[in-house]
Every structure is written in structure tokens, then in C-alpha cells.
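Work through the exercises below with the sequence and the model at hand. Each task is followed by a solution in steps.

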Amino acid sequence: MIASAPGKVIVFGEHSVVYGKHAVVSAIDLRCYAKAEKRSGFRIISQFGETGLDFDGHHSYISHAIRRFSEIRKIEGALIEVRSSVPPASGLGSSASVTVAVLGALNAEFDTDLSQDEIFELARNVELDVQGIGSGTDPFVVTFGGSWVIPEKKRFETRLNFDVVDTKQKSVTSEMVRRVRELKERYPDIVNPVLDAMDSIALKGAEALEKNDAERVSELFRMNQSLLRAIGVSTPLIDRIIAGIEEEGYAAKITGAGGGGCIITTGRGDFKIGLSGEGVRVEDFEDWRESDN
Ligand code: PMV
């Protein structure tokens, strides 16, 4: 059986969310598809190659997902095949997306009848298995889909769409979080008000998204990016890309940890994303063939 799960984007609130402030996160319409087939022994096939259970390599999330699933339903083996349109390691939730798609496919193939809540719980544990630490936000958004204000987990709808630019520079979340923490320790009276301002931007941003108010979102993108730059998570390349986008009248900001990774913009990006992608779902074989192209 085949299941799929969306990627995600942080629209507002990266870094400040680490200190308990609000963030706005959305599932996007780029998806990861996973096929699970009963067989004896485990085989995993993806763009990274073909392996057995591989807890430390490129298939770590998939392997841990299989192990966590097996704790609930004993299985003798499965062929897992994954195809994803979520670019890996770019802050768009590719790890959570593959984890949840694989859990969804195993759930369907072995008639386990797990609820979305149970799939989320397993995916949350897989995140901890592989990363040792994690807020659980990615597995949450990717399992349930839609747009959310966190930490309240308040759902909202928006019709606005954005573009994404992938800087192709590697973004190492732990490193960027550490840098912000150090800056905050050295300059608390400067950094704390910046984090508070980011909190207000996230709350106003959620309102603007819900009202489909693109003008207001643009304004808030520009302010948020200036603040992200102030806390040191932008780079000269990101600044140059955003300057080019702004010269053409659009607005843009880092999405995710920064230092590289992706930029979310109101126009002129590499590819389009719709917000409020649907959460984990079972697909039929037509969809699998389509995802082949
Ligand atoms: O780039 P990502 O998707 O790993 O997002 C990181 C978001 C941070 O706020 C910087 C860290 C976090 O755990 O919330």
C-alpha cells in the first residue's frame, strides 16, 4: 500500500519559538510518497540507494520508523520504496515527511488501523531516536496537515501561496540555535526585545494569513527578516538573494534555521508552495505511477 505525507514550512517564528514565543507553521503541497509491501526481511529503496535496515545512514528515519511500527505490530519484513518531492536537508521537513509517509504505508499494508494521533506519537519518537532532541513540531504538522499557530496548536486556514528559493547552502539547525543562544547570553537586553518583536510578528502574521492579506504578510516578512538578520542567522548570500527579490517588489525571509537552507518569498522563487497541505493519507496506485514522472 502507498501513503503520502506533506513537507512543512515555518512561515513566522523560527528561533523565537525556541524561547517559548509563537510560531506559524504550515504543511505544504510538496509530498513524500512511500510504498510498503509485505515480504520476508526488510529492504529500503530511495533516491539515496537500496539498503536493508540502516539506522545510521541515509535511511535512518525510515529504519527507525519500521522499528517503532514493529513494536506495535510484529512484522517479518517489508519492502519500502520512497519517492519525495520535498528537497532533503533544506528545512522543509523532509525527515518528518518521509517518517510519516512510511508509517502511513505500513499502517495501511498491515491493516493496523492506527489513528493520526498514534502515527504522530510514533513519528515523534522516531525524531527523538534519530536526533536525540526535537520540538516535535515537524512530525505534528506533517501528520495532521494544515496551518497552525504554536505552541497553542491552533489551526487556521489560508488561501495564500508562496515561492521558495533553495540557497543550496547547508543549514545546520543545532549550530544556528546555539549561535542565537550565545548572542542572547551576551546581549540579553538587545536580543530579548528582538525575540519579543518576532513573537508579535508571528501573531500578526497568523491573522494576516487567515485574512488572506498579502500586503500585510509582505510587510511582516520584511520586518521578520530584518530581525533574523539582527540575531545573526542570515548570510551574505541570503541577503543578496533577498535584495534581488525586493528590488522586484516582492518580500522574502529565511524559513527555518537560516545560515543557508531556504527562503520563503511572495514571488520570484525557484518553486511554488501552497500552504495547508493535507496530512498523512493513503494513496492509490494511480498516484504512485504519477509520482514516478
Ligand atoms: O530549519 P528547521 O526546519 O530545522 O527549523 C528550525 C527552527 C528553529 O526555530 C530554528 C529551531 C526549532 O527547533 O524550532
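**Exercise 1.** Sort the residues of the shell around the ligand into nonpolar, polar and charged.

Solution. In this predicted model, start with the residues that surround the ligand: Lys 8, Ile 10, Glu 14, His 15, Val 17, Val 18, Gly 91, Thr 173, Val 177, Gly 256 and Ala 257. Sorting them gives five nonpolar, four polar and two charged residues. Gly counts among the polar ones.

**Exercise 2.** Find polar contacts of the ligand, using a cut-off of 3.5 Å between N or O atoms.

Solution. Begin with the side chain of Lys 8, where an N or O atom is 2.8 Å from an oxygen atom of the ligand. Turn next to the backbone: a polar atom of Ala 257 is 2.9 Å from a ligand oxygen, and a backbone N or O atom of Gly 91 lies 3.4 Å from a ligand oxygen. As for cover, the ligand taken alone exposes 380 Å², and the protein buries 80% of that. Strand E1 (2-12) and helix H5 (173-186) are the elements that give two or more residues to the shell.

**Exercise 3.** Where does the ligand lie relative to domain 1 and domain 2?

Solution. Residues of the shell come from domain 1 (2-153 + 275-290) and also from domain 2 (159-271), so the ligand lies between the two domains.

**Exercise 4.** Why is Cys 262 without a bond to Cys 32?

Solution. A disulfide needs two cysteine sulfur atoms within 2.5 Å. The closest cysteine sulfur to that of Cys 262 belongs to Cys 32 and is 16 Å away, which is too far for a bond. The count of disulfides is zero. Cys 32 is buried at 0% relative accessibility, and Cys 262 is buried at 0% as well.

How values were computed
Residues numbered from 1 in each chain as written. Predicted model: local features only at pLDDT ≥ 70, side-chain atom pairs only at ≥ 80, totals over all residues. Heavy atoms only, no water. Buried < 20%, exposed > 50% of the residue type's maximum accessible area, 1.4 Å probe, protein only. Near = heavy atom within 4 Å. Polar contact = N/O pair within 3.5 Å; in protein donor to acceptor, adjacent residues only side chain to side chain. Areas by Shrake-Rupley, 256 points an atom, 1.4 Å probe, with all protein chains shown as cover. Helix = DSSP H or I, 4+ residues; strand = E, 2+ residues; numbered from the N terminus. Domains from an automatic or database assignment.
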